[in-house]
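Colleague: I want to learn how to read a model like this. Can we go through the features one by one?

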Amino acid sequence: MQATPFLAPVAPAPWAIRLVGRTLDWVVIAIGALMASLVFINVVLHQFSKDMAWVTEFGELLLVWVTFLGGACAAQRGSHMTITEFIDKLKPATRRWADLAVESSCLAMLIVLVRYGWSLVNANWDNQLTVLSWPMAYQYMGMAVGSTLMAVFVAWDVWQIARGVPREQRYPKSE
């Protein structure tokens with residue numbers, strides 16, 4: 001798949017997964033730009049003995065969101081850190097089964113995170129952020145949404161591995 005000038009390429013996938021992935025990429029970019037802008041503005045205001053007190057708390061909320069959504073962006077590209085010295089020495093058929101085992105384990109862990117993440121969201125609608133007075137659930141929602149999206153991308157990868165698609169085709173390299 002052709003990369004945009006700003007985004008790394010992603011492997012061919014159903015249109016819905018590609019749409020979610022590209023939307024996610026731009027949401028992460030927008031959150032990062034917003035965080036950088038707010039912090040910059042607050043630093044400048046400090047020079048004039050002013051402060052936007054809500055920026056710190058809002059920045060923390062955005063940091064949770066950008067962390068987990070960024071993890072989902074990495075999952076769609078197979079970009080999470082891996083140590084492959086052992087697995088790279090395996091024959092292709094054995095490598096496929098090893099990849100399937102690893103990705104299936106990751107998917108199982110993500111399902112746990114999704115379950116407990118949404119449970120945290122549901123349990124925290126009555127708790128409030130100190131300065132913003134928003135429900136704390138919005139902050140926990142970053143983990144739940146990000147883990148859910150990661151699970152979608154990893155599940156797609158598990159399906160691809162099970163169908164015999166090699167890693168080189170699942171995750172194209174940037175040129």
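Colleague: Start with one side chain. Is Asp88 buried, partly exposed or exposed?

Modeller: One caution before that: the model is predicted. Now the class. Buried means under 20% relative accessible area, and exposed means over 50%. Asp88 has a relative accessible area of 47%, so Asp88 is partly exposed.

Colleague: Which residue forms a salt bridge with Asp88?

Modeller: Look for a side-chain nitrogen of Lys or Arg within 4 Å of a carboxyl oxygen of Asp or Glu. Here the partner is Arg95. The closest N and O atoms of Arg95 and Asp88 are 2.7 Å apart.

Colleague: Is Arg95 buried or exposed?

Modeller: Arg95 counts as buried, at 16% relative accessibility. Its partner Asp88 is partly exposed.

Colleague: What other salt bridge does Arg95 make?

Modeller: Arg95 also meets Asp99, at 3.1 Å from N to O. Both residues lie in helix α3. They are four residues apart, about one turn of the helix. Asp99 is buried, as is Arg95.

Colleague: Which residues are joined into one network by salt bridges that share partners?

Modeller: That network is made of Arg22, Asp25 and Arg77. Take the pair of Asp25 and Arg22. Their closest N and O atoms are 3.3 Å apart.

Colleague: How many residues apart are Asp25 and Arg22 in helix α1?

Modeller: Three. Because they sit three residues apart in α1 (residues 15-46), about one helical turn separates Asp25 and Arg22. Asp25 is buried, with a relative accessible area of 4%. Arg22 counts as buried too, at 16%.

Colleague: How many salt bridges does the structure hold?

Modeller: Five.

Colleague: Let me try another arginine. Where does Arg170 lie?

Modeller: Arg170 is in helix α5. Read the accessibility next. Arg170 is buried, with a relative accessible area of 5%. Then look for side-chain partners. Arg170 and Asp157 are joined by a polar contact of 2.5 Å.

Colleague: Which residues is Arg170 in contact with, leaving aside its neighbours within four places in sequence?

Modeller: Contact means heavy atoms within 4.5 Å. On that basis the list for Arg170 is Ala11, Asp99, Asp157, Gln160, Ile161 and Val165. Asp99 is the residue that also forms a salt bridge with Arg95.

Colleague: Now the empty space. What is the volume of the largest pocket?

Modeller: A pocket is an open set of grid points, whereas a cavity is a set from which the probe cannot get out. The largest pocket holds about 520 Å³ of space. It is lined by 25 residues. Closest to its centre are His80, Thr82, Val102, Glu103 and Cys106.

Colleague: Which elements give two or more residues to that lining?

Modeller: They are α3 (92-123), α4 (137-162) and α5 (167-170). Helix α3 gives the most, with eight residues. By class, the lining has 14 nonpolar, four polar and seven charged residues.

Colleague: And the second largest pocket: which residues are closest to its centre?

Modeller: Arg77, Arg167, Tyr171, Pro172 and Lys173, out of eleven lining residues. Arg77 belongs to the salt-bridge network as well. The volume of this second pocket is about 220 Å³. Its lining has four nonpolar, three polar and four charged residues.

Colleague: How many cavities of 30 Å³ or more does a search of the whole structure find?

Modeller: One. Its volume is about 150 Å³. It has 14 lining residues, with Ala11, Ala13, Ile17, Gln76 and Trp156 nearest its centre. Helices α1, α2 (54-77) and α4 each give two or more residues to the lining. The largest share, four residues, comes from α4. By class, nine lining residues are nonpolar, two polar and three charged. Ala11 is in contact with Arg170 too.

Colleague: Zoom out. How many helices and strands does the chain have?

Modeller: Five helices and zero strands. The C-alpha atoms fill a box of roughly 65 × 40 × 30 Å, taken along the principal axes. Of the 175 residues, 38% count as buried.

Colleague: What share of contacts joins residues at least 24 apart?

Modeller: Take the contacts between residues at least 6 apart in sequence. Of those, 68% join residues at least 24 apart.

Definitions and conventions: Residues are numbered from 1 along each chain as its sequence is written. This is a predicted model: local features need pLDDT of at least 70, side-chain atom pairs count only at pLDDT 80 or more; totals for chains, interfaces and linings use all residues. Side-chain values use heavy atoms; hydrogens and water are left out. On a 1 Å grid over the protein atoms alone, a cavity is a set of points where a 1.4 Å probe fits but cannot get out, and a pocket is an open set with protein on both sides within 12 Å along at least five of seven lines; lining residues have an atom within 4 Å of a point. Grid points are joined across faces, edges and corners, and a volume is the space filled by probe spheres set on the points. Ala, Val, Leu, Ile, Met, Phe, Trp, Tyr, Cys and Pro count as nonpolar, Asp, Glu, Lys and Arg as charged, and the others, Gly among them, as polar. Buried means under 20% relative accessible area, exposed over 50%, partly exposed in between (1.4 Å probe, protein chains only). A polar contact is a pair of N or O atoms within 3.5 Å; within protein, one must be able to donate a hydrogen and the other to accept it, and residues adjacent in sequence count only if both atoms are side-chain atoms.
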